[in-house]
Amino acid sequence: MLHFYYDLMSQPSRAVYIFLKINNISFVAKPVALRNDEHYTDWFRKITPLCQVPVIDDDGFILTESVAILKYLAIKYNVSDHWYPRSDLNAQARVDESMNWHHLNTRYSCTSLFRELIRLPILNKAPIQWHLVENERNQVRKAVSSLASFFLKDNKTFLCGNEISVADLLCVCELMQLVTCWEEDLYESNPVIKDWVHRVRDRTDLVFQESHHIAYRVRSKFSKQNKL
Ligand SMILES: N[C@@H](CCC(=O)N[C@@H](CS)C(=O)NCC(=O)O)C(=O)O
């Protein structure tokens, strides 16, 4: 049986969660509350000494890293080829290209901005460091611009072609983290990106909404007045 360890506040966890649900892959849900430091407990350290989510345990085969997990699940559960192409090497390489780029660009910039605005002020019980925030916003702007001008060029429907892939899930879940801190203008101000995010949301529909409830709950706690 497949066990899935996740926290829906975690962007890569949400991508895997949406993938599992949309493809009707049964799993035993094992939420790990990062806010309560559950990832540092002894029981979770036994699952992964890296103390991070997401993780899967598929009949004793434990796998960390969202990209590896998504590829493994796509192949193991033989989901529709568009999610992670197996029949066309070039199409597969496009999805890999996008996911490799994602880590140091959308992932790094969005998670850094979220950390400056929400994580660190809570952890350190200290005010937001606005001079650092502006730098992180610029990194997000740069990633958004590359997404539009390279990955979504020529009016592409999704990042790697006309159908959705695991790369779209990872990337959109990362951008959606900005909703928590009222920073969604950073991507919504770009019409190409705004439309693509909406397409991914519409394509994954109720699962997308369910997986992002918590992001909107955090948003309602983080006052917009905190923003500069
Ligand atoms: N490269 C990993 C990143 C995993 C990761 O950074 N997970 C975060 C949540 S988004 C986490 O568990 N953070 C807890 C910590 O590092 O203390 C992946 O893509 O799965």
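Helices and strands are DSSP runs, a helix having at least four residues and a strand at least two, and they are numbered from the N terminus. With those names in hand, welcome to a tour of close-up views of a predicted model.

**View 1. K125 sits in a loop between two helices.** The loop that holds K125 runs between α4 and α5 (130-151). K125 has a positive phi of about 45 degrees, although it is not a glycine. That is worth a second look, because most residues other than glycine have a negative phi. Is K125 buried or exposed? K125 is exposed, because only 12 or fewer other C-beta atoms within 10 Å are allowed for that label and K125 has 7.

**View 2. N24 is another residue with a positive phi.** Here we look at the loop between α1 and β2, where N24 is placed. Phi of N24 is near 50 degrees, a positive value in a residue other than glycine. N24 counts as exposed because it has 8 C-beta neighbours inside 10 Å.

**View 3. Four strands make an open sheet.** The strands lie in the order β2-β1-β3-β4, and their pairing is mixed. Which strands stand at the edges? They are β2 (28-31) and β4 (61-64); each has a single partner strand, so one side of each is left without a neighbour in the sheet. Neighbouring strands of this sheet are turned by 15 degrees against each other on average, with direction ignored. As a reminder, strands of a sheet pair through backbone hydrogen bonds, either parallel or antiparallel.

**View 4. Strand β1 has β2 and β3 as partners****.** Strand β1 covers residues 2-6 and is joined to β3 by four bridges, the two running antiparallel. You can find this pairing at Y5, which stands opposite V55 in β3. Four bridges also join β1 to β2, but these two strands run parallel. Look for H3 here: its bridge partner in β2 is V28.

**View 5. Strands β3 and β4 form a hairpin****.** How many bridges pair β3 with β4? Strand β3 (residues 55-58) and β4 pair in the antiparallel sense over four bridges. I56 stands opposite L63 in β4, and D58 has F61 of β4 as its bridge partner. Two residues lie between the strands of the hairpin, and D59 in the turn has a positive phi of about 55 degrees.

**View 6. A cis peptide bond leads into P54****.** P54 is placed in the loop between α2 (42-47) and β3. The peptide bond from V53 to P54 is cis, with omega near 5 degrees. Most peptide bonds are trans, so a cis bond is a good thing to pause at.

**View 7. Eleven residues surround the ligand****.** V53 and P54 appear again here, as both are among the residues around the ligand. The others are S10, Q11, P12, L34, H39, C51, Q52, E65 and S66. By class, this shell has five nonpolar, five polar and one charged residues.

**View 8. Two domains touch each other****.** The domain assignment of the chain gives domain 1 (2-76) and domain 2 (89-226). The centres of the two domains, taken over C-alpha atoms, are separated by 20 Å. The contact takes 15 residues from domain 1 and 13 residues from domain 2. On the side of domain 1 that touches domain 2, the elements giving two or more residues are α1 (11-22) and α3 (66-76). Which element gives the most to that side? It is α1, with nine residues. By class, the residues of this side of domain 1 divide into 11 nonpolar, two polar and two charged.

**View 9. Helix α6 is mostly covered****.** 11 of the 11 residues of α6 are buried, including V166, L170, C173 and M176. The buried residues of α6 pack against α1, α3, α4 (89-124), α7 (185-188) and α8 (191-221).

**View 10. L175 is a buried residue of helix α6****.** L175 lies in α6, which covers residues 166-176. Why does L175 count as buried? The label needs 20 or more other C-beta atoms within 10 Å, and L175 is buried because it has 26. Leaving aside neighbours within four places in sequence, L175 is in contact with T106, C110, Y187 and V197. Take V197 from that list: L175 and V197 are 22 residues apart in sequence and 8.6 Å apart in space, C-alpha to C-alpha.

Technical notes:
Residues numbered from 1 in each chain as written. Predicted model: local features only at pLDDT ≥ 70, side-chain atom pairs only at ≥ 80, totals over all residues. Near = placed C-beta within 6 Å. Nonpolar A, V, L, I, M, F, W, Y, C, P; charged D, E, K, R; others polar. Domains from an automatic or database assignment. Contact = placed C-beta atoms within 7 Å. Pairing = 2+ DSSP bridges. Axes fitted to C-alpha atoms, helices over the stretch in contact; angles between N-to-C directions.
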